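Please look at how aromatic rings are placed in this protein, and at the charged side chains that accompany some of them. The sequence and the model follow.

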Amino acid sequence: MKILFISSEVVPFAKTGGLADVASALPKAIKAIGHDIRILMPRYKCVSSNAMSARLAAKRAGRQELRVGDLPVYFFEDEHFSKRDELYVKNGQDYPDNCEAFLAFCQSVEAFLKRIDWQPDIIHCNDWQTALVCLFIKELRKSDPSFKRCATVFSIHNLAYQGNFPREKFASTGLPQTLEFYDQLSFIKAGLLYADVVNTVSEAYAQEIKTKEYGCGLEKELKKRSQDLYGILNGLDYDVWNPAKDPLIKRRYSAGTISLRGENKLELQRVNNLPQDKNIPLLGIVSRLADQKGFDLLEEVMEEILALGCQFVLLGTGEPKYHKFFETLKKKYPRQAGINLGFNSALAQQIYAGSDIFLMPSQYEPCGLGQLISFKYGAIPIVRKTGGLADTVHDFEPKTGQGDGFVFKEYGSSALLGAIEKALETYKNKVMWQQMQQRVMQYNYSWDASAKKYIGLYMKALAKIGIEAL
Ligand code: ADP
């Protein structure tokens with residue numbers, strides 16, 4: 001099969017969250033199965049320097065150059081993108097030309113394919129930034145024979161980000177009224193309405209988004225497409241996320257050499273100016289600082305958590321109100337809270353490797369990679385039972401010793417605090433804790449299985465346009 005994979009972010013060129021990891025690892029896994037898959041993304045200002053530092057880091061570590069397998073990555077060159085320091089938002093404000101920028105990106109696909117003279121069977125779009133492509137391809141199929149046999153797949157990585165713009169944009173862009181959403185122009189609707197099949201990144205989230213609670217106002221559209229709506233869990237690229245090979249952590253380790261892991265904890269404490277003591281439980285967070293991730297809950301009980309005698313290390317960037325909150329916290333508790341406000345891949349890896357517990361109290365979570373990464377690094381996750389977190393983390397049962405994390409259901413701060421207390425209680429039993437760590441480190445959430453499911457999804461998309469695939 002020939003597949004064009006379109007994403008607004010791809011590791012190592014540009015990243016704000018899990019989409020970038022997926023957009024790099026999934027195509028690699030599909031390529032490994034033997035398909036001709038190629039990636040298209042915008043060329044932001046950061047692309048060249050990120051590519052350069054990835055290359056240098058790989059060289060220094062004596063590894064093969066970090067690259068997206070042997071698959072071609074094409075960049076859309078345009079002034080809207082080449083001048084940006086960030087991807088979508090700067091200082092808490094969306095870029096004012098987001099509508100025009102991503103419209104231009106989506107419009108470029110037709111001419112681009114003609115120019116490289118390569119006709120994909122599948123165009124796989126991801127999130128609102130690429131959703132218009134589904135509309136354009138549906139139109140092209142009617143008028144241009146070269147697109148007759150081209151089907152589209154739309155993957156929802158986060159339904160809350162919709163690409164909604166003021167209604168005046170209908171006139172300036174010429175986009176159809178079917179994309180109207182509460183008196184705005186909604187890019188994501190183009191994916192939901194016009195893609196041949198739609199999927200999201202866990203089975204639980206695929207069900208949840210058909211409800212009012214999680215549907216972000218689009219539940220009706222999604223319900224209508226129930227027959228074409230699937231859930232496929234994300235995987236992890238273990239070439240990147242592997243404590244046995246990770247060049248960015250102090251001491252490499254695996255389930256068999258877990259006693260070495262403690263050195264990473266001491267190092268994490270050192271760089272955060274916290275007392276270096278292996279016995280103090282350390283809670284870590286690596287996250288976008290957004291409401292979605294449960295920071296309002298954390299705010300409410302943060303001081304109570306610290307009163308339990310643990311250390312807390314956070315890495316994140318996002319909403320200014322949370323930046324302020326954590327800055328204040330750091331001033332008040334300099335010996336207990338390590339606060340790092342920014343985006344830093346190396347420090348992220350050090351937190352996964354050095355924390356005892358990894359916190360993800362999300363309000364909703366399409367898949368979540370943090371909990372899967374923390375499994376691999378032996379940090380035990382505390383999560384709320386939602387979306388992909390519900391599909392992957394099971395509450396610890398003290399009686400049987402079963403389970404792989406700590407799970408709370410209700411979205412409330414006392415439920416979160418309860419889960420943390422249970423985790424800290426369990427942590428005291430060193431033998432049990434270590435057994436749990438070794439168990440989760442051996443889980444296999446690699447892309448192999450999910451990549452095969454995507455191939456199945458591509459077949460379904462082709463069948464939808466009357467092509468019995470291969
Ligand atoms: P989301 O895609 O909603 O942000 P995921 O859990 O799916 O959440 O993926 C988050 C990814 O982004 C993980 O790879 C995580 O390590 C990374 N990440 C998030 N915030 C930061 C940060 N401030 N610095 C470095 N990496 C980060």
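Lys430 lies over the face of Tyr427, 4.0 Å from the ring centre. This is a predicted model. A second charge of this kind belongs to Arg43, which sits over the face of Phe75 at 5.2 Å from the centre of the ring.

Rings also pair with one another, and the structure holds 29 aromatic pairs. One of them joins Phe375 and Tyr443, with 5.1 Å from centre to centre and 85° between the planes, an edge-to-face arrangement. Phe375 belongs to helix H14 (residues 370–377), while Tyr443 is in the loop between helix H17 (430–441) and helix H18 (447–464), so this pair ties together parts that are 68 residues apart in sequence. The two partners differ in accessibility: Phe375 is buried because its relative accessibility of 1% is under 20%, whereas Tyr443, at 23%, is partly exposed.

Phe375 also pairs with Tyr445. Here the ring centres are 6.2 Å apart and the planes meet at 15°, so the pair counts as stacked. This contact again links distant parts of the chain, with Phe375 in helix H14 and Tyr445 in the loop between H17 and H18, 70 residues apart. Tyr445 has a relative accessible area of 17% and is therefore buried, the cut-off being 20%.

Elsewhere, ring pairs build a cluster. Its members are Tyr44, Phe76, Phe81, Tyr88, Phe102, Phe105, Trp128, Phe165 and Phe187.

Conventions
Residues are numbered from 1 along each chain as its sequence is written. This is a predicted model: local features need pLDDT of at least 70, side-chain atom pairs count only at pLDDT 80 or more; totals for chains, interfaces and linings use all residues. Side-chain values use heavy atoms; hydrogens and water are left out. Rings of Phe, Tyr and Trp (its six-membered ring) pair if their centres lie within 6.5 Å; planes under 30 degrees apart count as stacked, over 60 as edge-to-face and the rest as tilted. Helices (H or I, at least four residues) and strands (E, at least two) are DSSP runs, numbered from the N terminus. Buried means under 20% relative accessible area, exposed over 50%, partly exposed in between (1.4 Å probe, protein chains only). A charge sits over a ring if NZ of Lys or CZ of Arg is within 6 Å of the ring centre and within 35 degrees of the ring normal.
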